Amino acid sequence: MQDMINKETGKLVSIDGVGASMATDMVEFFQEPHNIEIINRLLEQITVEDFVDTANYDSPLSGKTVVFTGTLEKMTRSEAKAKALDAGAKVAGSVSKNTDYVVQGADAGSKAAKAAELGITILSEEEFLELLK
């Protein structure tokens with residue numbers, strides 16, 4: 001928070017998904033005294049714990065972008081996403097040229113078709129679970 005108050009954007013832009021424009025907006029937010037007052041009042045009521053990164057960066061999914069499609073049988077979509085994130089992967093909602101794997105469950109539709117069209121590796125749910133071991 002102190003970096004934002006001091007108008008520093010360097011650490012913010014190093015966060016995946018945060019660009020220069022968003023970092024600038026966040027810094028500007030912290031320049032408003034009213035916003036600082038609200039945050040300080042909130043901090044009196046809660047305890048903020050340090051972030052502990054538990055991702056497995058030695059996993060074959062580490063740094064890869066994964067998309068889930070269709071109905072998974074062994075876990076919910078939320079559980080699958082959590083497992084992928086824990087393995088150091090990024091989870092996306094749509095298939096693009098930046099997608100590394102599409103995990104296909106039953107009744108997969110257009111995402112699987114687009115992955116095949118783009119030559120992206122399509123994994124079954126079982127193959128996805130094997131990569132997590």
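# A tour of the aromatic pairs, cores and loops

Phe30 is a buried residue with a relative accessible area of 12%, and it makes a convenient first selection in this predicted model. Add Phe29, which is partly exposed at a relative accessible area of 39%, and look at the two rings together: they form an edge-to-face aromatic pair, with 5.2 Å from centre to centre and 80° between the planes.

Next select Phe68 and Phe128, whose rings also make an edge-to-face pair, here with 5.3 Å between the centres and 90° between the planes. This pair links distant parts of the chain, since Phe68 belongs to strand S1 (residues 65–69) and Phe128 to helix H7 (residues 125–132), 60 residues apart. Are these two rings buried or exposed? Phe68 has a relative accessible area of 2% and Phe128 one of 1%, and because the cut-off for buried is under 20%, Phe68 counts as buried, as does Phe128. With this pair and the one at Phe29 and Phe30 on screen, you have seen the 2 aromatic pairs that the structure holds.

Keep Phe68 and Phe128 selected and extend the view to the largest nonpolar core, which has 13 residues; the members that touch the most other members are Leu61, Val66, Phe68, Leu72, Ala80, Val103 and Phe128. Colouring by secondary structure is useful at this point, as S1, helix H5 (77–86) and strand S3 (101–104) each supply at least two residues of this core. Then centre on Leu72 and display its surroundings: leaving out residues up to four places away in sequence, Leu72 touches Arg77, Ala80, Val103, Gly105 and Glu125. A second core, separate from the one just shown, consists of 8 residues, among them Ala23, Val27, Ile36 and Ile39.

Now go to Ser59, in the loop between H4 and S1. Although placed in a loop, Ser59 is buried, with a relative accessible area of 9%. Which residues does Ser59 contact, once its neighbours within four places in sequence are set aside? They are Ala87 and Leu131.

For a view of the surface, select Met1, Leu42, Leu43, Ile46 and Val48, which together make a nonpolar patch of about 440 Å². Within this selection, Leu42 is a residue of helix H4 (residues 33–45), and its relative accessibility of 47% makes it partly exposed.

The last stops are in loops, where the backbone angles deserve attention. Select Lys7, in the loop between helix H1 (2–5) and helix H2 (10–13); its phi is near 65°, a positive value in a residue other than glycine. Lys7 counts as exposed, with 58% relative accessibility. Then move to Asp107, in the loop between S3 and H6, which is likewise not a glycine and yet has a positive phi of about 60°. At 74% relative accessibility, Asp107 counts as exposed.

Finish with Gly109, which lies in the loop between S3 and helix H6 (110–118) and is partly exposed, with a relative accessible area of 38%. A distance label from Gly109 back to Lys7 should read 46 Å between the C-alpha atoms, for two residues that are 102 residues apart in sequence.

Methods:
Residues are numbered from 1 along each chain as its sequence is written. This is a predicted model: local features need pLDDT of at least 70, side-chain atom pairs count only at pLDDT 80 or more; totals for chains, interfaces and linings use all residues. Side-chain values use heavy atoms; hydrogens and water are left out. Rings of Phe, Tyr and Trp (its six-membered ring) pair if their centres lie within 6.5 Å; planes under 30 degrees apart count as stacked, over 60 as edge-to-face and the rest as tilted. Buried means under 20% relative accessible area, exposed over 50%, partly exposed in between (1.4 Å probe, protein chains only). Helices (H or I, at least four residues) and strands (E, at least two) are DSSP runs, numbered from the N terminus. Patches are made of residues with over 30% relative accessible area and no salt bridge: like charges are joined within 9 Å, nonpolar side chains (Val, Leu, Ile, Met, Phe, Trp, Tyr) within 5 Å. Accessible areas come from the Shrake-Rupley method with a 1.4 Å probe; for residues, only the protein chains shown count as cover. A salt bridge is a side-chain nitrogen of Lys or Arg within 4 Å of a carboxyl oxygen of Asp or Glu. Contact means heavy atoms within 4.5 Å. A nonpolar core is a set of buried Ala, Val, Leu, Ile, Met, Phe, Trp, Tyr and Cys residues joined through side-chain atoms within 4.5 Å.
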